Structure formats: C-alpha cells, structure tokens
Amino acid sequence: MNEGDITEKRIKELALRAYGNNYYTCTNFLGIAQISALKKIFMTDEDLKGMPYILYGGVSGCERCVAAFGSEEMFGYQCEFPISCILIKPRMQKYADKLTHRDILGATLNLGTKRETIGDIYIDENEAYMFCLNSVCDYIMENLIRIRHTFVSCELTEKKIDLEADGAETEVLVSSLRLDGVIAKVYKTSRSAAQSLIRAGRVYINGVVAESVGRNIKAGEIITVRGYGRMEYKDTLKETKKGNLMINIIIWR
C-alpha cells in the first residue's frame with residue numbers, strides 16, 4: 001500500500017485501538033489495492049483474524065472507501081462515517097466545459113488536498129457528486145471555484161446516488177466462466193492481454209486482487225479491472241449447442 005500514510009502497520013494500529021478502547025476508529029479513503037491488502041491482513045494476521053470492520057464510501061457500491069474498525073454489535077451503536085458529499089456544478093451551464101472525473105479530481109488536488117481525503121466522484125450530466133472527508137469539506141467548498149475554464153459552485157448535499165442506475169445490464173457470449181476469458185470478451189481485448197492484466201495485479205474480485213487467470217467467476221461477484229471499469233456477473237442464461245455460455249452481467253465504466 002502506498003497512498004498517503006496508510007500502511008499495514010497503521011491499519012493494525014487503528015484496529016487494535018478500536019478493539020482496546022471500545023470505539024470506532026477510521027482510516028482515510030482507501031483505494032482498491034489498499035482495500036485488497038486490508039482484507040488480506042484481516043484474514044492472515046492472528047491478532048486481527050475474525051475481528052469486524054466496515055467499508056463505506058458514502059453510498060453502497062463505492063470503489064474508494066473508508067474502513068471503520070468495530071461493529072454495532074461490539075460497541076452498541078452505529079458508526080458515523082466522517083464522509084461528506086459535495087455537489088459541484090457550473091455557474092452557467094450554457095458556457096460550461098464538459099467536465100470529467102479527471103478534471104474535477106485534478107482541480108481539487110491542485111488546492112493542496114491529499115488524494116486520501118477524496119473518495120469517489122460521480123458525474124451526472126454536467127454536475128458532479130464528490131465524496132470527501134469531513135475534515136476537508138469546508139475548505140474544498142470555499143476554494144474550488146474553477147475547473148478548467150468553467151466557474152463552479154459547491155454545496156453540501158445528502159442526495160443519494162443510485163450507482164446501480166449507472167450500470168448497463170447486458171448479455172455476453174463466452175466460452176466458459178474463466179476470469180481471463182470473461183475480461184477479454186467484455187473489454188474486447190485478447191485473452192493474453194487479459195492474463196497480463198491479472199498477473200500485473202490490476203484485476204480485483206470483490207475488492208481482493210485476483211491471483212489466478214483460470215479462476216471461474218461466481219454469481220454476484222464484482223470484478224474490477226483498473227483502467228477499464230467494473231462488472232458484476234449475475235447469472236448464466238443458457239448454454240449453446242456448441243457449449244458456449246450466454247451470461248448476464250452489469251457493466252460500469
């Protein structure tokens with residue numbers, strides 16, 4: 001893990017502090033590689049194995065999440081995550097640039113904010129919803145006034161974003177449920193290229209880095225391919241006479 005000051009040692013320190021003092025402790029926002037490492041720590045470290053934690057990014061389905069150590073059952077109350085949602089919109093849509101995720105993130109980081117304080121950013125038409133830590137929310141809203149050539153306004157919002165609505169449900173014909181083959185079909189690349197992505201650690205299944213190119217995917221699993229997008233394998237619709245499978249998936253890009 002190499003984002004900000006979030007290290008394996010720090011994660012263990014926060015977790016043990018929560019369990020020792022009977023209150024939730026939280027990380028900054030974690031990227032998918034860090035979340036994968038965190039899950040492995042909790043599966044392998046004898047001091048942490050079996051202890052509860054919660055991953056949340058502002059709404060269900062976020063890729064970047066804050067980890068809170070503990071549970072309602074353990075502490076007797078629900079965790080209040082230190083996450084705010086900012087609505088960013090052009091002051092004059094008629095003359096606004098078409099804003100992208102890269103534009104918004106770049107402008108925010110140029111204010112001096114750190115990447116680990118910013119969560120997911122969702123574009124809706126030419127407006128954006130950006131999750132951030134409470135500690136930087138006011139600063140961003142006061143100082144983020146321009147993105148590229150477009151003047152913007154920022155306001156705190158509690159609007160719930162429907163991430164499912166952003167996914168496109170489609171049917172894909174594959175030769176099998178092998179991970180490399182499904183990735184190749186969905187993202188229109190070769191199987192060898194898909195295998196290279198997996199071996200390079202750029203493919204995650206339910207937030208954990210995939211370690212086998214030949215692993216069969218299972219219903220309900222969410223597969224993230226860094227640089228390409230995410231998909232969820234729903235089910236197999238039918239098998240053709242030639243033995244191929246027509247599968248139903250949801251794709252987010």
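Biologist: Which residues are exposed on the other side of H1?

Modeller: In this predicted model, helix H1 spans residues 8-21, and its buried residues are Ile11, Leu14, Ala15, Ala18 and Tyr19. These buried residues cover an arc of only 125° around the axis, which puts them on the same side of H1. On the other side of H1, the exposed residues are Lys9 and Gly20.

Biologist: Why do residues three or four places apart point the same way in an α-helix?

Modeller: Residues at such a spacing point the same way because of the helical repeat, and an α-helix has, per turn, a residue count of 3.6. In H1, the buried set of Ile11, Leu14, Ala15, Ala18 and Tyr19 lies on the same side, since the arc around the axis is only 125°.

Biologist: What covers the buried residues of H1?

Modeller: The residues in question are Ile11, Leu14, Ala15, Ala18 and Tyr19. Elements from further along the chain supply contacts to them, and what covers these residues includes strand S1 (25-30), helix H2 (32-44), strand S3 (65-69) and H3.

Biologist: Which residue just after H1 takes a positive phi, and is the residue buried or partly exposed?

Modeller: The residue is Asn22, which lies in the loop between H1 and S1 and has a positive phi of about 65° although it is not a glycine. Its relative accessible area is 44%, so Asn22 is partly exposed.

Biologist: Where is Arg148 found, and what is its phi?

Modeller: Arg148 is found in the loop between S7 and S8, and, at 46% relative accessibility, Arg148 counts as partly exposed. Although Arg148 is not a glycine, its phi is positive, at about 55°.

Biologist: In what order do the five strands of the open sheet lie, and which are the edge strands?

Modeller: The pairing in the sheet is antiparallel, and the order is S5-S6-S4-S8-S7. Each edge strand pairs on one side only, and the edge strands are S5 (118-124) and S7 (146-147).

Biologist: How many bridges join S7 to S8, and which residue in S8 stands opposite Arg146?

Modeller: Strand S8 covers residues 150-156 and runs antiparallel to S7, to which it is joined by two bridges. Opposite Arg146 stands a residue of S8, namely Phe151.

Biologist: What angle does the direction of helix H4 make with that of S5, and at what angle does H5 run to S6?

Modeller: Helix H4 (residues 101-109) packs on the sheet, touching S4, S5, S6 and S7, and its direction makes about 140° with that of S5. Helix H5 (residues 134-143) lies across S4, S5, S6 and S8, and its angle to S6 is about 135°.

Biologist: How are the planes of Tyr56 and Phe81 arranged, stacked or tilted?

Modeller: A search of the whole structure finds eight aromatic pairs. The ring centres of Tyr56 and Phe81 are 5.1 Å apart and their planes stand at 50°, so the pair is tilted.

Biologist: Which parts of the chain does this pair link, and is Phe81 buried or exposed?

Modeller: The pair links distant parts of the chain, with Tyr56 in strand S2 (residues 53-56) and Phe81 in the loop between helix H3 (72-75) and S4, 25 residues apart. Tyr56 counts as partly exposed at 28% relative accessibility. The relative accessible area of Phe81 is 17%, and under 20% counts as buried, so Phe81 is buried.

Technical notes. Residues are numbered from 1 along each chain as its sequence is written. This is a predicted model: local features need pLDDT of at least 70, side-chain atom pairs count only at pLDDT 80 or more; totals for chains, interfaces and linings use all residues. Side-chain values use heavy atoms; hydrogens and water are left out. Two strands pair if DSSP finds at least two bridges between them. Helices (H or I, at least four residues) and strands (E, at least two) are DSSP runs, numbered from the N terminus. Contact means heavy atoms within 4.5 Å. Axes are lines fitted to C-alpha atoms, for helices over the stretch in contact, and angles run from 0 to 180 degrees between N-to-C directions. Rings of Phe, Tyr and Trp (its six-membered ring) pair if their centres lie within 6.5 Å; planes under 30 degrees apart count as stacked, over 60 as edge-to-face and the rest as tilted. Buried means under 20% relative accessible area, exposed over 50%, partly exposed in between (1.4 Å probe, protein chains only). The expected span of a helix is 1.5 Å times one less than its number of residues. The arc is that of the directions from the helix axis to the C-beta atoms.
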